[in-house]
Amino acid sequence: MLDWKQIDTVLLDMDGTLLDLNFDNHFWQEFVPLRFAELHSLTLEDAKQQLAPRFKAMEGKLEWYCLDYWTQELALNIAGLKQELAGLIAVHPHVTEFLDAARASGKRLLLVTNAHRDSLNLKMEKTCLHGFFDEIVSSHDFGFAKEQQGFWQILQDQHLFTKDRTLLVDDSVAVLTSARTFGIAHLVSISKPDSQRPVKQVAEFAAVEDFRALMPGL
């Protein structure tokens, strides 16, 4: 699928790519509404109906990924709630095999995530994946989400990579589209970001269910 001789730098998303998106989906779609309902004496269904448009309005913006923003907006300790559910944080199958192989082959590995640093630190503590990476980048450090061109420009300025020799693996079509606009040549989508949900149909990019499909030739 990939000609690894043409790739020097590997950019990897975290949630839904390296880690099972089931944690985040359950957290935002069930656990936060539950606690919001308890706070405001609502039914769970009413809480979901109130929160859904507020979440939708922030999709693709840095605020959507910002725990501080939602803590203030919802009057809930979002970072603390994530700690409560930390047992659901899980690494996708074959991720560590891929990371081992990529490092052994001399590839430069960067974790590039929209996750807030509090969430990122919690997940690295639980999974110990940080040791595989040359650099770990949160979009909150730059002030732009990965869906925005500003993110890629600052990433390029600070972490110097050759666009046509760089691979991005991400589960978000919007992020992959943004990276393609910026000029990153090698783009792969994860089609099963959440282990508890069906495979997504991805027409716009090469797609794999897990990292085994990327390992031949590495």
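Q: In this predicted model, where is the place of Val-137?
A: Val-137 belongs to a run of residues 135-138. That run is a strand, and its label is β3.

Q: Is Val-137 buried or exposed?
A: The cut-off for buried is under 20% relative accessible area. Val-137 has a relative accessibility of 3%, so it counts as buried.

Q: Which residues does Val-137 touch, leaving out those up to four places away in sequence?
A: Start with the buried spot that Val-137 occupies, at 3% relative accessibility. With sequence neighbours up to four places away left out, its partners are Leu-111, Val-112, Thr-113, Arg-117, Phe-142, Phe-151, Leu-155 and His-159.

Q: What distance separates the C-alpha atoms of Val-137 and Glu-73?
A: Along the chain, these two sit 64 residues apart. In space, their C-alpha atoms are separated by 25 Å.

Q: Where is the place of His-140?
A: Val-137 is in strand β3, and His-140 is in a loop that has β3 at one end. At the other end is α7, residues 149-159. That puts His-140 in the loop between β3 and α7.

Q: Which backbone oxygen lies 3.0 Å from a polar atom of the side chain of His-140?
A: The His-140 side chain also reaches the backbone oxygen of Tyr-65, at 3.3 Å. The one at 3.0 Å belongs to Asn-114.

Q: Which residues is His-140 in contact with, leaving aside neighbours within four places in sequence?
A: Tyr-65 and Asn-114 are among them, and both offer a backbone oxygen to the His-140 side chain. Setting aside neighbours within four places, the list is Leu-62, Tyr-65, Cys-66, Asn-114, Ala-115 and His-116.

Q: How far apart in space are His-140 and Lys-200, C-alpha to C-alpha?
A: In sequence the two are 60 residues apart. Going C-alpha to C-alpha, the gap in space is 27 Å.

Q: Which residues of helix α6 are buried?
A: Helix α6 covers residues 117-127. What covers its buried residues includes α1, α3, α4, β2 and β3. The buried ones are Ser-119, Leu-120, Leu-122, Lys-123, Met-124 and Thr-127.

Q: Which residue with a positive phi follows α6?
A: Most residues other than glycine have a negative phi. The residue here is not a glycine, yet its phi is near 60°. It sits in the loop between α6 and β3, and it is Cys-128.

Q: Is Cys-128 buried or exposed?
A: Exposed means over 50% relative accessible area. Cys-128 has a relative accessible area of 52%, so it is exposed.

Q: What is the phi of His-94?
A: His-94 lies in the loop between α4 and α5, the latter being residues 95-104. His-94 is not a glycine, but its phi is positive all the same, at about 70°.

Q: Which residues does Asp-210 touch, not counting those up to four places away in sequence?
A: Asp-210 is found in the segment after β6. With a relative accessible area of 17%, it is buried. Once residues up to four places away are discounted, Asp-210 touches Pro-93 and His-94.

Q: Which backbone nitrogen lies 2.8 Å from a polar atom of the Asp-210 side chain?
A: Asp-210 comes after β6, which spans 206-208. The nitrogen at 2.8 Å from its side chain is that of Arg-212.

Q: Which residues does Ala-185 touch, not counting those up to four places away in sequence?
A: Ala-185 is in the loop between α8 and β5. At 44% relative accessibility, it counts as partly exposed. Away from its sequence neighbours, Ala-185 touches Lys-163, Asp-164 and Thr-166.

Q: How many helices and strands does the protein have?
A: From the N terminus, the elements run β-α-α-α-α-α-β-α-β-α-β-α-β-β. The secondary structure comes to eight helices and six strands.

Q: What is the radius of gyration of the protein?
A: For 218 residues, the globule rule gives 17 Å. The value for this protein is close to that, so it is as compact as a globular protein of that length. The radius of gyration is 18 Å.

Q: What share of the residues in the protein is buried?
A: The count runs over 218 residues, and buried means under 20% relative accessible area. The buried share is 50%.

Technical notes:
Residues numbered from 1 in each chain as written. Predicted model: local features only at pLDDT ≥ 70, side-chain atom pairs only at ≥ 80, totals over all residues. Heavy atoms only, no water. Helix = DSSP H or I, 4+ residues; strand = E, 2+ residues; numbered from the N terminus. Rg over C-alpha atoms; globule rule 2.2 N^0.38 Å. Buried < 20%, exposed > 50% of the residue type's maximum accessible area, 1.4 Å probe, protein only. Polar contact = N/O pair within 3.5 Å; in protein donor to acceptor, adjacent residues only side chain to side chain. Contact = heavy atoms within 4.5 Å.
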